[in-house]
Amino acid sequence: MKGSLRLNEPMAKHVSWRAGGAARQAYVPADLMDLAAFLKSLPADEPVLFVGLGSNLLVRDGGFKGTVILMHAVLNTVRLEGERIYAEAGVASPKLARFAAKHDFAGAEFLAGIPGTIGGALAMNAGCYGAETWESVDAVQTINRRGELQQRKPDAYEIGYRHVALRVNGERLTVIEADQVRAGNHRSPITDHAEEWFTAAWFKFKHGDGQAAQQRIKALLQKRIASQPLQQPNAGSVFRNPPQDHAARLIEACGLKGRRLGNAQVSEKHANFIVNLGAATAADIEGLIGMVQETVRREQGVLLVPEVRIVGDSVSGSGAKCEPCHTNG
Ligand SMILES: Cc1cc2nc3c(=O)[nH]c(=O)nc-3n(C[C@H](O)[C@H](O)[C@H](O)COP(=O)(O)OP(=O)(O)OC[C@H]3O[C@@H](n4cnc5c(N)ncnc54)[C@H](O)[C@@H]3O)c2cc1C
């Protein structure tokens, strides 16, 4: 292997919440062929978790008993290929937005404010301001446990709001664990023989005015700075928006802005963000997610579904007590 293998790797270093446990091992591949050889060398039942910039991810305090593949800054090529843009999975999404604008394409601007990788954007169908990643995908390249590469078209997937699942022989195989990995009800990633992950994508954007696209990027970023708590560690929107509503509105209506559990807090600036005040544990964050979910269900009759992915094992008995939420019943 040409990449680097790290044992007991603290995942707080690799997730934007800057909290949580360690991975039993983490691998930084040197290149695509090295990634293929490494995956092939793993035992068939080894839990595998691909991680981009960890901007939508939390590893519980007991850690992830498996192998994490750290993709950011590996597979980092973005280039023009005729009318399409080819971007590898480790490319930061804002880099693709800037590249597209520089080459006079329109429609990639929304990616400038999404602080993850292309791999993460594909897995999440990341989106904002009315645009979503898969609307512009022409094809993807994937890799499986045997290190085999495949090219797939979007029609191979079931694609929805923050949801992507591969269909195989008409069946829905959630290689990308969108619905299973929810706070509290999923302990480890699915180990399925059909598991595969994204290594690159070809995007088709409309031709446009590059300068207008650069201006739009600036405006979108300013909007984010004004409305999101970007100075504090967070993972973006914690919950998906329910149909025809906003999770932030529901959370705010319950008076939960500013609510704390240990060192995790519902942001004062944006109610659908949970921030780490400095020394939050994953249990603080997950506990607060559960508390918000339960309060909104009770008071507003809506079950909010977490958008963030939570993996790994809890430490039994960990987590702070949430006095205000006990007071509220
Ligand atoms: C300040 C802030 C603002 C945000 N704003 C938005 C927003 O507007 N819209 C939005 O949609 N999201 C937003 N997010 C969430 C997050 O940035 C996106 O979901 C992003 O696409 C995640 O990319 P990542 O590389 O960080 O993925 P990670 O957090 O590393 O991983 C997320 C999931 O994708 C999987 N994954 C990662 N790489 C791969 C791969 N190569 N192949 C297969 N699976 C993979 C992981 O296993 C995990 O399940 C925001 C986050 C923050 C911190």
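# Notebook: a ligand and its protein chain

I started at the ligand, where helix H3 gives the largest share of the shell, five residues. I took helices (H or I, at least four residues) and strands (E, at least two) as DSSP runs, numbered from the N terminus. I am reading a predicted model, in which local features need pLDDT of at least 70 and side-chain atom pairs count only at pLDDT 80 or more, while totals for chains, interfaces and linings use all residues. Residues are numbered from 1 along each chain as its sequence is written, and side-chain values use heavy atoms, with hydrogens and water left out.

**Entry 1. The ligand shell**

I listed 34 residues around the ligand, and Phe 50, Ser 55, Thr 117, Gly 127 and Arg 224 come nearest. A residue is near a molecule if one of its heavy atoms lies within 4 Å of it. I then asked which elements supply at least two residues of the shell. They are strand S3 (48-51), helix H3 (118-124), strand S9 (127-128) and strand S16 (196-203).

I sorted the shell by class and got 17 nonpolar, 13 polar and four charged residues. Here Ala, Val, Leu, Ile, Met, Phe, Trp, Tyr, Cys and Pro count as nonpolar, Asp, Glu, Lys and Arg as charged, and the others, Gly among them, as polar.

Next I looked up polar contacts, which are pairs of N or O atoms within 3.5 Å; within protein, one must be able to donate a hydrogen and the other to accept it, and residues adjacent in sequence count only if both atoms are side-chain atoms. Ser 55 places a polar side-chain atom 2.6 Å from a ligand oxygen. A polar backbone atom of Phe 50 is 2.7 Å from an oxygen atom of the ligand. For Asn 56, a backbone N or O atom lies 2.9 Å from a ligand oxygen. The protein covers 95% of the 960 Å² of accessible area that the ligand has on its own. Such areas come from the Shrake-Rupley method with a 1.4 Å probe; for residues, only the protein chains shown count as cover.

**Entry 2. Arg 162 and Gly 127**

I found Arg 162 in the loop between strand S13 (157-160) and strand S14 (163-168). Is Arg 162 buried or exposed? Arg 162 is buried, at 10% relative accessible area. Buried means under 20%, exposed over 50%, and partly exposed in between (1.4 Å probe, protein chains only). The Arg 162 side chain reaches the backbone oxygen of Gly 127 at 2.8 Å. I had already met Gly 127 among the residues that come nearest to the ligand.

**Entry 3. Two positive phi values**

Most residues other than glycine have a negative phi. I noted Asn 125, with a positive phi near 50 degrees. Asn 125 sits in the loop between H3 and S9. Its relative accessible area is 0%, so Asn 125 is buried. Tyr 129 also has a positive phi, near 45 degrees. I placed Tyr 129 in the loop between S9 and strand S10 (131-132). Tyr 129 counts as partly exposed, because its relative accessibility is 34%.

**Entry 4. Helix H2 and His 207**

In helix H2 (residues 93-102), seven of the ten residues are buried. Leu 96 and Phe 99 are among them. The buried residues of H2 pack against several elements, including H3, S16 and helix H4 (210-227). After H2 comes Asp 104, with a positive phi near 60 degrees.

I met Asp 104 again when I checked His 207 in strand S17 (residues 206-207). Contact means heavy atoms within 4.5 Å. Leaving aside neighbours within four places in sequence, His 207 is in contact with Glu 83, Asp 104, Phe 105 and Ala 106. The side chains of His 207 and Glu 83 share a polar contact of 2.7 Å. His 207 counts as exposed, at 55% relative accessibility.

**Entry 5. Helix H6 and the whole chain**

I checked the length of helix H6 (residues 282-300). Its 19 residues should span 27 Å at 1.5 Å a residue, and the end C-alpha atoms are 26 Å apart, which agrees. The expected span is 1.5 Å times one less than the number of residues. Gly 301 follows H6, with a positive phi near 70 degrees.

For the chain I counted seven helices and 21 strands. Of its 329 residues, 55% count as buried.
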